[in-house]
Amino acid sequence: MERLELSRELGEDILRKVKEKGASQGDVLMGESDTFFVSVRLGEVDKISQAQEKRLGLRLFFGSSSATASTSDISRSSMDRLIDETCAFARLTAKDQYSGLPSEDQLAQDLPDLALFDDSARSLSVEEKIRLAREAEGSALAYDTRIANSEGSEFSSQFGRVIYANSLGFSGEYPASSFSLSVIPVATLNGSMQRDYWYSTRRTFSLLDSPKTVGETAAQRALRRLGAQKIKTREVPVVFDPETAASLLRNLASALSGYSLYKGASFLAGRLGSKIGSELLTVIDDGTMPGALGSKPFDGEGLPTRKKIVVEKGVLQTYLLDTYSGRKLGYPSTGNASRSVGEPPGVAPTNFYLSGGKYAPEEIIASVEDGFYVTELIGFGVNLVSGDYSRGAVGQWIEKGKLAYPVEEVTIAGNLKEMLQNIEMVGNDLEMRSRIVAPTLKISRMTVAGH
């Protein structure tokens, strides 16, 4: 059996063959990855795995009918079979006037090097990777005698490559890597236990936080939850730490997705150009940031990624669209097509963040006489159609501008429409720790429901 190498030439060869079989358009997405994962608990290796994968996906159009299929068998006979089957499927599917590739003039012309790949870390030994996980957990356990247990520590690495070609003449590829270290310690006091976590994820291994930093930060987060109290229901200012503030940004990104919009499943439908939030709300989506986790030189359809101001001082400037959802809504793609091999495109943000403000987190907390500082959100009580928001929360109660005591078993409730308008302070602690991030932020009033 003839094994083939994933390459742009292979993609272009497949596209020539499907044209001969009558396909009007098509694209090929290929991905290969080499992943390693180890989890350690109480110093002992719990799980360890290494996997290499290659996949090739083909999407074909016969007029406005289309089909997508994929294979992990990268051989000549498998390619022939994939071509025949995808052609047959595409001829059978219903017509859709909005389907098809983007127009040729939209495709990426230059593919910048965005520093997404760190090949130097390939030489890390398995023993070294295990040591990193052990050290992170060990740092957490050694931090305080009340850290008596652990749910484990994990280290993972991934090296990969993305190759894309379409029948409009575009072909491009880029390598990418990521490294992650995390730990979940358990703190104990008077028989009660609390767990929390911390992590670091980077594309460049040398930029990962040290195991000591990850472990000690996780320990501090677990310790501050000890002795948690319940509170009576009230309406107060709520301060979100950067991790929980990022979840509000994830809700916003979902509401801005072209697919939510054309299905009528978003409270932001029809709101382009209107004020959807406070003057302090400026949100950016930027796929061109060197070394960032959401960066890539082109999107899932070969369009260039770019920096876009999505919300400027509270005014909605753009949605997040791929070609299909853009056509449904009457707008061009914003370069936010995202897809996995063998799937049609969807929409996803790249590096999506709330612009930092001028206040230190301590200043934001000091501005609150009586309120709630949220450090963890639980559940999925967000209705993107109405904006209704209700989620379980854990955090610290604020009294007279200081963190007074830990709080658990509460629910915070409001409506995203009002919450965005009621952003009162934004922190200066923005850090690009993941694809969707935010600094500390304060919302002037929300219902905090206790007992």
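Is E409 buried or exposed? In this predicted model, E409 has a relative accessible area of 53% and is therefore exposed, the cut-off for that class being over 50%. The residue lies in strand β17, which covers residues 402-415, and its phi is near 55 degrees, a positive value in a residue other than glycine.

A positive phi is also found at L42, where the angle is near 50 degrees and the residue is again other than glycine. L42 is placed in the loop between β1 (25-41) and β2 (44-62). With a relative accessibility of 42%, L42 counts as partly exposed, since that class lies between the limits of 20% and 50%. A further positive phi, near 50 degrees, is taken by K400 in the hairpin of β16 and β17, a hairpin that has 2 residues between the strands.

The surroundings of this hairpin can be described from strand β16, which spans residues 388-399. Of the 12 residues in β16, 9 are buried, so the strand is largely enclosed by the rest of the structure. Strand β16 pairs with strand β15 (residues 370-378) in the antiparallel sense over 8 bridges, and within this pairing Y373 stands opposite Q396 in β16. Strand β16 is also joined to β17 by 11 bridges, and these two strands likewise run antiparallel; here S390 has A413 in β17 as its bridge partner. Strand β17, which takes part in this pairing, is the strand that contains the exposed residue E409.

A second set of pairings is centred on strand β9, which is formed by residues 283-286. In a regular strand the side chains alternate between the two faces of the sheet. In β9, V283 and D285 point one way, whereas I284 and D286 point the other way, and all of these residues are buried. Strand β9 pairs with strand β10 (residues 307-312) in the antiparallel sense over 4 bridges, and it is joined by 3 bridges to strand β14 (residues 352-354), with which it also runs antiparallel. The buried residue D285 takes part in both pairings, standing opposite K308 in β10 and having F352 as its bridge partner in β14.

The internal space of the model was examined by a search of the whole structure, which finds 2 cavities of 30 Å³ or more. The largest cavity has a volume of about 80 Å³ and is lined by L248, L249, L252, L281, L354, L416, M419, L420, I423, L441 and I443. At least two residues of this lining are supplied by each of α5 (242-256), α9 (416-421) and β20 (441-449). By class, the lining comprises 11 nonpolar residues, with no polar and no charged residues. Among the lining residues is L354, which falls within the range of β14, residues 352-354.

The second largest cavity holds about 60 Å³ of space, and its lining is made up of S200, T201, R202, D209, E431, M432 and R433. These residues divide into 1 nonpolar, 2 polar and 4 charged. The lining of the second largest cavity thus includes 4 charged residues, whereas that of the largest cavity has none.

Note on methods: Residues are numbered from 1 along each chain as its sequence is written. This is a predicted model: local features need pLDDT of at least 70, side-chain atom pairs count only at pLDDT 80 or more; totals for chains, interfaces and linings use all residues. Side-chain values use heavy atoms; hydrogens and water are left out. Buried means under 20% relative accessible area, exposed over 50%, partly exposed in between (1.4 Å probe, protein chains only). Two strands pair if DSSP finds at least two bridges between them. On a 1 Å grid over the protein atoms alone, a cavity is a set of points where a 1.4 Å probe fits but cannot get out, and a pocket is an open set with protein on both sides within 12 Å along at least five of seven lines; lining residues have an atom within 4 Å of a point. Grid points are joined across faces, edges and corners, and a volume is the space filled by probe spheres set on the points. Ala, Val, Leu, Ile, Met, Phe, Trp, Tyr, Cys and Pro count as nonpolar, Asp, Glu, Lys and Arg as charged, and the others, Gly among them, as polar.
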